[in-house]
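Trainee: I have a new model open on my screen. Could you walk me through it?

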Number of protein chains: 2
Amino acid sequence: MRVRLEDVARAAGVSPKTVSRVLNEEANVRESTRERVRSVMAALNYRPNLPARSLASNQSFLVANLYDNPSPGYVTEIQAGVLEACDLHRYSMMVRPLNIEADDFLQRVETLILYHRPDGLVLTPPITDHAELLQRLNQQGVPYASVSPRERAGTIGVFMDEQQAARDMVMHLLALGHRRIAHVMGHRAHGASGWRLDGYRDALAAGGLPYDSTLVVQGDFSFASGVAAARQLFSLQRRPTAIFAGNDDMASGVIWAAAERGLSIPNDVSVCGFDDMPISRQIWPTITTIRQPGHEMGRLAALQLLEVLRGSGTGRMVEVPYAVQLRESTAAPGGNLRRG
Amino acid sequence: MRVRLEDVARAAGVSPKTVSRVLNEEANVRESTRERVRSVMAALNYRPNLPARSLASNQSFLVANLYDNPSPGYVTEIQAGVLEACDLHRYSMMVRPLNIEADDFLQRVETLILYHRPDGLVLTPPITDHAELLQRLNQQGVPYASVSPRERAGTIGVFMDEQQAARDMVMHLLALGHRRIAHVMGHRAHGASGWRLDGYRDALAAGGLPYDSTLVVQGDFSFASGVAAARQLFSLQRRPTAIFAGNDDMASGVIWAAAERGLSIPNDVSVCGFDDMPISRQIWPTITTIRQPGHEMGRLAALQLLEVLRGSGTGRMVEVPYAVQLRESTAAPGGNLRRG
DNA sequence: ATGAAAGCGCTAACAA
DNA sequence: TTGTTAGCGCTTTCAT
């Protein structure tokens, strides 16, 4: 038979309630008692029964990670970070892919909450910005932490200064001597698309360049949209000498379209992306991009949530640093790339 | 207050046990009663309390998906499939990245099992082949289903005829006229590496070509190992005209190394991969590969497991079909590729 | 600082 | 086919 809390209590010569106190790190236990109980737990290899705890305490010790993101690299990084934080405090994590545009999106989240009763949620973009969902969560008192939400006020979680990062990225292109710089925007539903566009505009302004709307093409963060956008840009009378894509998938699409058209990168066109996903290191040339620490962001967001769940704090909106990752896809206009 | 099973019973004019029977799809309930209870459940928007069910029935309704796989694309596909199957039967899924080579690998799985008490596991390669783990699971009576295990006998889950697929892939190269075909092997710990090598050898034999060990290079399924292997192959006195990489990540590494060396693909060298991961469509040229239906495999493996868990069957080892995906990275030796 | 009693919401075992 | 009783392993509330 499995070791129960009662067995630990008997072996330690205390009441079940005291063992429970130790288990839950509650106050009002003498330090010597606490240690004795702990050592008995270890000796008996005791593991609390999660369902029993949940039933009695009305907590599930469960964090649900909701996402609707086409990038497997991003998703798994965030997941691993959330899991690390959950493990630390012995919470479980469940993951939930969703389709934010489906008719039954809210219904599905509702069912998840009613059925699994997670103590809290970690939201990732674009779910972070679904106004109706957030409103319901607030109404129902379901705690959540957000990764890169559009609206940071009144929310806990984690963010990066994406606008500044995008600005730095484009400043790098300016510093190389580019004057005709295009931008491929991400999906409208994502806050990131706006921030990255704003950073692009900031850099142009800082460089004394006018904003030219023919150089800004709508994409949706997918590889295919990067290809389409690049085809459009390459057909322009005056081709841009550099393209800042809103993420790495689109940047790889741009590079693909360049190859299709016989353009050499970065000789004929410089290309840069955003996120530092694996693909940015796996194509030729490797992509200059912005390093976004996905694992760390998942971990920090979950930690803020857990602070609330455990009553050990209120959680904050934490900022994480980015870094410009220079690789081979950017060079001075007409610059050269070793090619064999 | 939340709706409980007792509330449903009262409203339907039956005993709690009868409601429980309906909930668990047990026999011995008159059809009319069953329907009445169901409609009351729906009317009250009743959701069973999972912890209470677990505590009373000693089941967790939880399936854990264990993996140690460097490919995010593969992992998320499998995950989504497992989740779909779990949803169907109202089981939850938790995911668990692990490091199979860590000293505490077994310890970690043990802790997971003791703490979360999943009713069953879905294993993915290479965890499927960890002899000691399998032995323990069998000892402890923890049910599991495997995706592409090395040893299929006595196991339930899902597999693909990878050897045959690899053979087909290489036969395609032979059909194009290649006679000097290299192979980059995957990680030794993965059964897939062996099957794919065997398929390569089968094809050579079928084509009447000798096996040349200088044309077979050890990799580990990573992009970097593909680069390294290709550098080695490209340095050979007599360069291969085609390279069959053990997966798409390595194939993209080969293509990267070709670009580095100024070799054109498929003009100078044909390259093909395996798995049909997103990267195979996101680089130039797109990669000829074997389509492996990850989502479907995850789904089917989980369904076999759930059959066992729900007592509705014993589960089987299911085979799924593959398909050769012809793309732009393969052509006849000296063949041509449109390049602008 | 510690303990005793009650009960969380469901299902198992048994009874009718 | 349906119902009754007991109890899963823990935490809560309240007492001491």
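Mentor: Happily! Start where B:Tyr74, B:Glu77 and B:Ile78, among others in helix 5 of chain B, meet residues of helix 13 of chain B, including B:Gly294, B:His295 and B:Glu296. Contact here means C-beta atoms, placed from the backbone, within 7 Å, and helices are DSSP runs (H or I, at least four residues) numbered from the N terminus.

Mentor: This is a predicted model, where local features need pLDDT of at least 70, side-chain atom pairs count only at pLDDT 80 or more, and totals for chains, interfaces and linings use all residues. Residues are numbered from 1 along each chain as its sequence is written, while chains are lettered from A and ligands numbered from 1 in the order in which they are written.

Trainee: Are helix 5 of chain B and helix 13 of chain B parallel, perpendicular or oblique to each other?

Mentor: Their axes, lines fitted to C-alpha atoms over the stretch in contact, lie 7 Å apart at an angle of about 40 degrees. Under 35 degrees counts as roughly parallel, over 145 as roughly antiparallel, 65 to 115 as roughly perpendicular and the rest as oblique. The two helices are therefore oblique.

Trainee: Which element gives the largest share of the surface near DNA strand C?

Mentor: Near means a C-beta atom, placed from the backbone, within 6 Å. Of the 27 residues around the strand, A:Ser15, B:Arg4, B:Leu5, B:Ser20 and B:Ala56 come nearest. Helix 2 and helix 4 of chain A give two or more residues each, as do helices 1, 2 and 4 of chain B. The largest share, five residues, comes from helix 4 of chain B.

Key. Axes fitted to C-alpha atoms, helices over the stretch in contact; angles between N-to-C directions. Contact = placed C-beta atoms within 7 Å.
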